[in-house]
Amino acid sequence: MLRHAGVLLAGLVLIVIANLIALLPAYVLRLAIDAIQAQVSLGTLTRFALLIVTITLVAGVFQFSARYTLNSVSRHVEYEMRNDVFKHFQLLDLEYFQQRKLGDLVARATNDLSAVRQMLGPGVSNLANTVVAVSVTAIAMWRIDHQLTLYTLTVMPLITALFIIVGRGIRRRYRNVQDQFGEVSARAQENFSGIRVVKAYAQERHELAAFNRINQQYVEYSISYARLNSLLWPSMYFVSGLAVAILLWRGGIDVIAGRIQLGQLVQFNAYLAALSWPMIALGWTVNLFQQGSASLSRIQEVRQAQPAIADSSQTRPNAAPTRGEVELRDVSLAYGETLALRDINLHVPAGSSLGIVGPTGAGKSSLVNLLARVYDVTAGQVLIDGVDVRQIPLAELRRKIGYVPQETFLFSVSVEENVGFGVERLSDDEVARALRISQLGNDVAEFPQGVKTMVGERGVTLSGGQKQRSGIARAVAKDPLILVLDDALSSVDTHTEATILRELRQFMRGRSSILIAHRISTVKDLDQIIVLDDGRIVERGTHPELLALGGLYAAMYRRQLLGEELEGDDEDNVAGGDGANGASSGVRAMDGADDAAIQRNMLREE
Amino acid sequence: MAETFFHEDEILGKAYDARLIRRLWGYIRPYHLLFFGALGLALMTVGADLIGPFLTQLAIDRYIAPVKTSLPPEARANGVFGMALLYLLALSLGFCLRYLQNFMLNVLGQKVMYDLRSAMFERLQGLSLAFFDHNPVGRLMTRITNDVDALNDFFTSGAVSLIGDTFTMLGVLIILLVESWQLALVVFVVIPPLLIVTAFFQRAMRDNFRAIRVRLARINANIAENISGTQVVQLFNRERRNFAHFDGLNRDYRTQSLRSLFYFALFSPVVNLFAAVATALIVRVGGGAVLSPAHVLSIGALVAFLQYVERFFLPVRDLAEKYTILQAAMASSERIFRVLDEPVTVDDKPQPEPLGAVRGDVEFRDVWFAYNPGEWVLKGISFHIRPGESVAFVGATGAGKTSLISLISRFYDVQRGEVLVDGKNVKDLAQAELRAHVGAVLQDPFIFSGTIASNIRLHESGISDARVREAARFVNAQSFIERLPNGYDEEVRERGAGLSVGQKQLLAFARAIAFNPEILLILDEATSSVDTETEALIQDALEKLMRGRTSIIIAHRLSTIRNVDRIIVLHKGRIVEEGTHEALLERNGYYKRLYELQYAESLSKGA
């Protein structure tokens, strides 16, 4: 804002100049009227006429410059603030976003910013213009005639009085309208979300009646608001007209008495006319300031949110993992009141592999999320190469970890860009290698523009399996020290999975890797396997050791063999839509997947 | 590719679209008295406004600066005072007319908004679940709230004030012609170039408006994408480059936004210039007429002329703003009408067959069903469930169980075959009547905001308090409800926040019982977060629910499945086995393996 102070000042100066020049046509008009009464020649009138046009032209240049200058500041501020908000979003942690609605956050960066722009642009420029115009014009009027100025300008405070008297009522009624609007929204939202129940119990007509009752109340509040609010605009007209009426009366008498000339009366009248617009616009300006400051505080709320996970004074600038040894010491993690992980102790030597299995909700994803500090531990320590992750610079830490999340989020850019998402530059060979390891190469070859094909709405829609494989390619392309796969092969058919695992084994040589899986086949060849249940490690060992133990792991294994038999080789659900939703298709208890997916979609929208 | 890029929310709209206006008129017509009343008032307001300069003219010519007068100064002062009073009268009249007009427009707008919201809500109630599957709640919300509100602006500050402005301008022109047609014609010279310049600005602003909308939509999408993908952005250290991309979009938007500022800032001085030219013409030509020996024009008329011209140009200045309002309103109404035009795919016949007393007989005859063409979910399903029988459907995920029971309530229509209730095709029945007899306990026990009691009886006032309590007692919900501070009148917040999953489930059971349907469909999902005590209550309640009525259940509990009369096993949209639990286990087929896979755990836990 400060860096725009100079421009703002320039704008103010321009406004003053523009308003000063704008006083002149009325003066010329007065001269013309007086001249006409004095029976001058036509030539003089022509000069006056030309003068009026010329002066207006010059005033116009200044008006334009003043408006453009003042308003442009608001556009630059809007741009800068939007960038700031965006940057700040990038700093905030996952938890922040999980607690808020996407739509609301986007609104702050768009709608609210527009309101701020309106306040800083038209708001400031109108206000400045009104203040300058009123002062300049009042002085000009004063110089013509003191008495007339006092007579006509006495009515102006009426506007202020009106705002104060009616304003409170208007605000109260407006709040009613807004609150009721919230009710209407809430009612509609509830109905749409619960439409299944509404239909199942044939409540449609009743729901409509209930909605209409709220709707009707909203209308009544709105009308009650309008009853008062409709006063403002006509009042402005009335007050500015009142000044003219007073002028006609007092000024007329002055002309008759010979105290002033008719030309001066006309000049006076022209000034009043020129003031009427800034005065009328004042109500609107006040509105802009009210909305703008409300929006500004909503934006400030975002800008003041502190990221829970960031570099701190503890951070050692030079700490950079080089080997990839991972250790968890007495780690606990709580989300609010609920404990997701308890007393986890774990050691993954550099270059070795770890498999994590366990039922849904056991804490598997939470555990791997601690490595790259998606969350920070509640108690205990996570160490990489013997250094607490909180002491490693965040960017450095994340650079070394290749993470494939459960639900692959791809950006609507090209396949190539998605694969090279984590690196500055990726050669064609490196892209090809990542595509080979993730077994995405053949799919991409069939896309209309190969690796240049856009992903998402503007390009190809990827199946669940393709998305997961893109996620793997993206992590591999980063050339990470530690590779983490969070159930990232669930939508890939068993045959492709085997191929990917074979490729990965090659790739993981010399790197540490952690794989979360629902299928035992994914983890059975890893160096170390842990079984999580209810946030605790309940079993650990190698595949043969765990089978011999005859516990949870062994039971899972048996069930899966059975399941595979049952499903035959039809397991690849890649063809059908969003495979990520069927994340644990093999072992999940019976449920209506179609139904569940729909409801999830609905939830996601809110 | 190109089609998908332009989302529904990017509909830009024309400022004037005859087809949309005609449809909107259909909503205004019921209130045509208000509409024409406001219009009449607008006309009268213009009249009251335009009297002012004429009174000024009279005051000047008769009293203030008469060419020759016999009146003494005293009488002249009185005359001026009289004129000023008349002026005040006209002002007051204008004030009242303007207020009334404003208020009536607001009322009209609100009434139309009410009807539109109500019509949309009603249409949405009638649409099949398939529509809701494809349209996120957020989008529907925008239609019924923001889009309707954009239309409100159209009424209050768009359409009629535009008509009022037009009246003002026409009125001024007429008055000028009457006062002095020669001078009027001279002033009219500025009108054609003014029209041309305005048209130029209007086109430039429209294009610019569209460019801005598109850029804002891009910024919106980009922010939404980056927030949704925050985790990926952070884990892949992508902040800087994504910011650079966003900065590009933001910059692009600023460029367009500054361009729009350029037009807006330029427009008003340009209009002022035209006004100045008109003023100059009046001074030169009108002044000449006053000076002419014949005194073609009085000095008062000249002053009045100047004031009229001022009034003529006033509405032109905020034309651009009004234009934007119109454009936004048209875009919104197009989206609203799109919802209203959504075809009702699952609809009642004109003369639906009455269902009468329901026995509870359900039959599927060679039913084929798909959500999307070609992707069959059910492939030739046939079965017959007799009144009072309890049947469980089992099968792996995606076998088609949920779809199957959705068809009994006719949430969707089958593509081939027939679904019969008491021997009548559900397509021939009234949906409301069908669903009054077919109850459903859904997977997600949806709780409405309201009270515990209102969640059980919904809107059926016919369900007495006693019946609500009885239903709750029957399904074991009584004890937890009575522990709540206000019992049955306890307020429940949106989505049942504050209630546990198990409690919500019990409430949903109570709801089903209160409605006492002859046929009950139960979707019983595996819920891991129910404590053992509640779990026992739920199991007991489930058994009681199914007693004495036709029940069709998708169960995850072994206890339930063992208690039903018959089990039908689905696999990939076909029936593969059928029989009692014991018979199926004996057969040693698909069910046996499924049973071992899915119920082994609960078996080992001794459920």
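**Briefing: a sheet in chain B and the contact between chains A and B**

B:I567 stands opposite B:G579, a residue of strand β12(B). The model is predicted. Strand β12(B) pairs in the antiparallel sense with β11 of chain B, residues 566-571, over five bridges. Both strands belong to an open sheet of six strands in chain B.

**The sheet**
- The strand order is β6-β9-β10-β3-β11-β12 (chain B), and the pairing is mixed.
- Strands β6 (438-441) and β12 (574-579) of chain B form the edges, each pairing on one side only.
- From one strand to the next, the twist averages 20°.
- In general, strands of a sheet pair through backbone hydrogen bonds, either parallel or antiparallel.

**Helices on the sheet**
- Helix α13 of chain B, residues 401-408, lies across five strands of chain B: β3 (390-394), β6, β9 (519-523), β10 (550-554) and β11.
- The direction of helix α13(B) is at about 150° to β10(B).
- Helix α18 of chain B, residues 501-515, also packs on the sheet, where β6 and β9 of chain B are the strands it touches.
- The direction of helix α18(B) makes about 175° with that of β6(B).

**Contact between the chains**
- On the chain A side, 125 residues are in contact with 128 residues of chain B.
- Helix α3 of chain A, residues 42-91, gives the most to the side of chain A that touches chain B, with 25 residues.
- That side of chain A is made up of 67 nonpolar, 35 polar and 23 charged residues.

Note on methods:
Residues are numbered from 1 along each chain as its sequence is written. Chains are lettered from A and ligands numbered from 1 in the order in which they are written. This is a predicted model: local features need pLDDT of at least 70, side-chain atom pairs count only at pLDDT 80 or more; totals for chains, interfaces and linings use all residues. Two strands pair if DSSP finds at least two bridges between them. Helices (H or I, at least four residues) and strands (E, at least two) are DSSP runs, numbered from the N terminus. Axes are lines fitted to C-alpha atoms, for helices over the stretch in contact, and angles run from 0 to 180 degrees between N-to-C directions. Two residues are in contact if their C-beta atoms, placed from the backbone, lie within 7 Å. Ala, Val, Leu, Ile, Met, Phe, Trp, Tyr, Cys and Pro count as nonpolar, Asp, Glu, Lys and Arg as charged, and the others, Gly among them, as polar.
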